[in-house]
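Have your viewer open and your selection tool ready. We will go from the whole chain to a group of packed helices, and then to a few single residues.

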Amino acid sequence: GTAGSEPPKVYGSSEPSGLRRDAGKVESVAQLEEIGTVLQVLEITPFTNSGGGQITVMPKYRVRRTGTLSQTTPHIALPVVRHKTLEQVQAIGDGAEKSAALAALLKKVINASPLLKEQHEQVFQHFDMNDPVKVADLAAGLSTADRGELQAVLEEQDLSAKIDKVTQLLQRDLSMVKLQSEVKSRVEEKVMKEQKQKILMDQMRQIQKE
């Protein structure tokens, strides 16, 4: 599911947290959006040097929250809600073409970021890249865009508008990843140049001593 209107508290630090709103503990139903996603857990990897771990999940289908069965308690870690499968998004004439273009853009973003590629390689092995709705929701889940923009993609029922929204987000992400890569390359080039100059200067000093 997706976190919502009230930001969850983040424990372990008194400093303001840079975590996204979907990070941290969900303490009440009020923190959940009306529309969310049922996720399949693919892998749980515990951290070796600290508590906690990393969970790899794959979105299955969208749902609408319809009621509350129980809130969080000292004995129940998460709120339990009723939900129903979200209404089917209507197909569009150029849906296959738009979906293919979106999938290609998504792969560009993934390939441009080694971290994303490593984290989501397993997801792509099990994912239906021919379903435009699922591809759009997956792409939004990988995006670094504002939480409100991502939720808007998830809730959008017009397929053409949904794909257009997430395409804009991915294009922005791709530009950012490329910029980060360029900056990294420049820094590495500068460091190598400085190291070479230092080696040459050391060699010159050694020659002068001899």
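**The whole chain**

Colour by secondary structure and follow the protein chain along its sequence: the pattern reads β-β-β-α-α-α-α-α. That comes to five helices and three strands, where helices (H or I, at least four residues) and strands (E, at least two) are DSSP runs numbered from the N terminus. This is a predicted model, in which local features need pLDDT of at least 70 and side-chain atom pairs count only at pLDDT 80 or more, while totals for chains, interfaces and linings use all residues. Residues are numbered from 1 along each chain as its sequence is written, and side-chain values use heavy atoms, with hydrogens and water left out.

Switch on a surface next. The accessible surface of the protein chain comes to about 14000 Å², of which 54% belongs to carbon and sulfur atoms; areas come from the Shrake-Rupley method with a 1.4 Å probe, and for residues only the protein chains shown count as cover. Of the 210 residues in the protein chain, 31% are buried (buried means under 20% relative accessible area, exposed over 50%, partly exposed in between; 1.4 Å probe, protein chains only). Among contacts (heavy atoms within 4.5 Å) with a separation of 6 or more, 57% join residues 24 or more positions apart.

**Stop one: helix α3**

Select residues 132-142, which form helix α3. How many of its eleven residues are buried? Nine are, so α3 is mostly covered. The buried set is P132, V133, V135, A136, D137, L138, A139, A140 and L142.

**Stop two: α3 against α5**

Keep α3 and add residues 159-209, helix α5. Two packed helices are described by the angle between their axes and the distance between the axes. Here the angle is about 30° and the axes are 10 Å apart; axes are lines fitted to C-alpha atoms, for helices over the stretch in contact, and angles run from 0 to 180 degrees between N-to-C directions. α3 and α5 are therefore roughly parallel to each other (angles under 35 degrees count as roughly parallel, over 145 as roughly antiparallel, 65 to 115 as roughly perpendicular and the rest as oblique). The crossing of α3 past α5 is left-handed, meaning that the near helix is turned anticlockwise from the far one by less than a right angle.

Show side chains for P132, V133, A136, D137, A139 and A140 in α3, which meet L159, K162, I163, V166 and L170 in α5. By class, the residues of this contact divide into nine nonpolar, no polar and two charged. Ala, Val, Leu, Ile, Met, Phe, Trp, Tyr, Cys and Pro count as nonpolar, Asp, Glu, Lys and Arg as charged, and the others, Gly among them, as polar.

**Stop three: bring in α4**

Now add residues 147-155, helix α4. The axes of α3 and α4 come within 9 Å and cross at roughly 170°, which makes α3 roughly antiparallel to α4. Look at A136, D137 and A140 in α3, which meet L150, V153 and L154 in α4. The residues of this contact divide into five nonpolar, no polar and one charged.

Then hide α3 and keep α4 with α5. Their axes come within 8 Å and cross at roughly 150°, and α4 and α5 are therefore roughly antiparallel to each other. α4 passes α5 in a left-handed crossing. Pick E149, L150, A152, V153 and L154 in α4, which meet K162, K165, V166, L169 and R172 in α5. This contact has six nonpolar, no polar and four charged residues.

**Last stop: three pairs to measure**

Use the distance tool between C-alpha atoms for each pair.

- Select K108 in helix α1 (residues 95-112). K108 is exposed at 54% relative accessible area, and lies 9.3 Å from L170, 62 residues apart in sequence.
- Move to D158 in the loop between α4 and α5. D158 is partly exposed at 42% relative accessibility, and is 7.0 Å from Q90, with their positions 68 residues apart in sequence.
- Finish at G93 in the loop between β3 (80-85) and α1. G93 is exposed at 88% relative accessible area, and sits 9.5 Å from S160, 67 residues apart in sequence.
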